[in-house]
Amino acid sequence: LRCGLLGEHLRHSYSPEIHAMLGAYSYDLFEVPPEGLADFLHGAAWDGLNVTIPYKRAVVPFCTALSPMAEQTGSVNTLVRRADGTLYGANTDAGGFRLLLERGGGIAPGEKALVLGSGGASQTVQAVLRAQGAEVVVISRRGPVTYDMIEQHADARLVVYDQNVCLHVPGQSPLWFCPLYHGEEALSRGRAGQKDPPSRSVRRTVREGGECREPPGRGGGRLR
């Protein structure tokens, strides 16, 4: 079984080491430029793929069939080459984010959630939050709500930024669920290819209240 991670810039990835501990199959990093995506997907170098930025939406047209969540969100993070050579696309980000949300205490219907960025993972996060009844506000550089407007939404219960999730409990400090970065570093760093870095106002808003930390006993989580 030949598996791997598909993306444009992957030097930061620990996926091969992780998968080496999970099973007896090969797992490689496939750094593919946008102009080479079609040839790679039609090639024979792989059986199954995880998909990361910037290709979660770009691979959809190459799929003969999609899972219900992938079809709903237009975002694929898992590809399988079937026996007839056609590609099946699935979205497992939704289940991962749903679990992360539950570990953080969830979100009640009507509570506000900010989603920073509008890429493929963002579409999935939005779908999960809306299914929970949350009021979802998407912050992006070019959308109707931009980073300059972030302070208008300081009452948000939840802030989702790339691989980081911030749970804001009224009257308490913000809690960052993040396995690699914490506090200021979690906000100032993103994975390679991050297109919507948070502005100073974002850092100031979510920092209010003091310490940023990981909740005891719960651990972090991330969407790949």
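**Exercise 1. List the residues in contact with Leu-41, leaving aside neighbours within four places in sequence.**

Solution.
- Contact here means heavy atoms within 4.5 Å.
- With sequence neighbours within four places left aside, Leu-41 is in contact with Leu-6, Trp-46, Leu-49, Val-59, Phe-62, Leu-79, Arg-81 and Leu-87.
- The model is predicted: local features need pLDDT of at least 70, side-chain atom pairs count only at pLDDT 80 or more, and totals for chains, interfaces and linings use all residues.
- Residues are numbered from 1 along each chain as its sequence is written, and side-chain values use heavy atoms, with hydrogens and water left out.

**Exercise 2. Find the residues that touch the most other members of the largest nonpolar core, and the elements that give two or more residues to this core.**

Solution.
- A nonpolar core is a set of buried Ala, Val, Leu, Ile, Met, Phe, Trp, Tyr and Cys residues joined through side-chain atoms within 4.5 Å.
- Buried means under 20% relative accessible area, exposed over 50%, partly exposed in between, with a 1.4 Å probe and protein chains only.
- The largest core has 17 residues; Leu-6, Phe-40, Leu-41, Trp-46, Leu-49, Val-59 and Leu-79 touch the most other members.
- Two or more residues of this core come from each of α2 (37–42) and β3 (48–51).
- Helices (H or I, at least four residues) and strands (E, at least two) are DSSP runs, numbered from the N terminus.
- The most comes from α2, with three residues.
- Another core lies apart from this one; it has 16 residues, including Ala-94, Leu-129, Leu-158 and Val-160.

**Exercise 3. Trace the open sheet of six strands and explain what is left at its edges.**

Solution.
- Two strands pair if DSSP finds at least two bridges between them.
- The order is β2-β1-β3-β5-β6-β4, with mixed pairing.
- The edges are β2 (26–31) and β4 (65–66); each has a single partner strand, so one side of each is left without a neighbour in the sheet.
- Inspect one pair: β3 and β5 (residues 78–81) run antiparallel and are joined by three bridges.
- Opposite Asn-50 stands Thr-78 in β5.

**Exercise 4. Place strand β7 (residues 112–116) among its partners.**

Solution.
- Start with β8: it pairs with β7 in the parallel sense over five bridges. Val-115 stands opposite Val-138 in β8.
- Then take β9: it also pairs with β7 in the parallel sense, over four bridges. Leu-114 stands opposite Val-159, and Leu-116 has Tyr-161 as its bridge partner.
- Check burial: five of the five residues of β7 are buried. Lys-112, Leu-114 and Leu-116 point one way, Ala-113 and Val-115 the other.
- Strand β9 (residues 158–161) is also covered on both faces, with Leu-158 and Val-160 on one side and Val-159 and Tyr-161 on the other.

**Exercise 5. Where is His-153 found, and why does it count as buried?**

Solution.
- His-153 sits in the loop between β8 (135–139) and β9.
- His-153 counts as buried because its relative accessibility is 13%.
- Not counting residues up to four places away in sequence, His-153 touches Lys-112, Leu-114, Val-137, Ile-139 and Val-145.
- The side chains of His-153 and Lys-112 are joined by a polar contact of 3.1 Å. Such a contact is a pair of N or O atoms within 3.5 Å; within protein, one must be able to donate a hydrogen and the other to accept it, and residues adjacent in sequence count only if both atoms are side-chain atoms.
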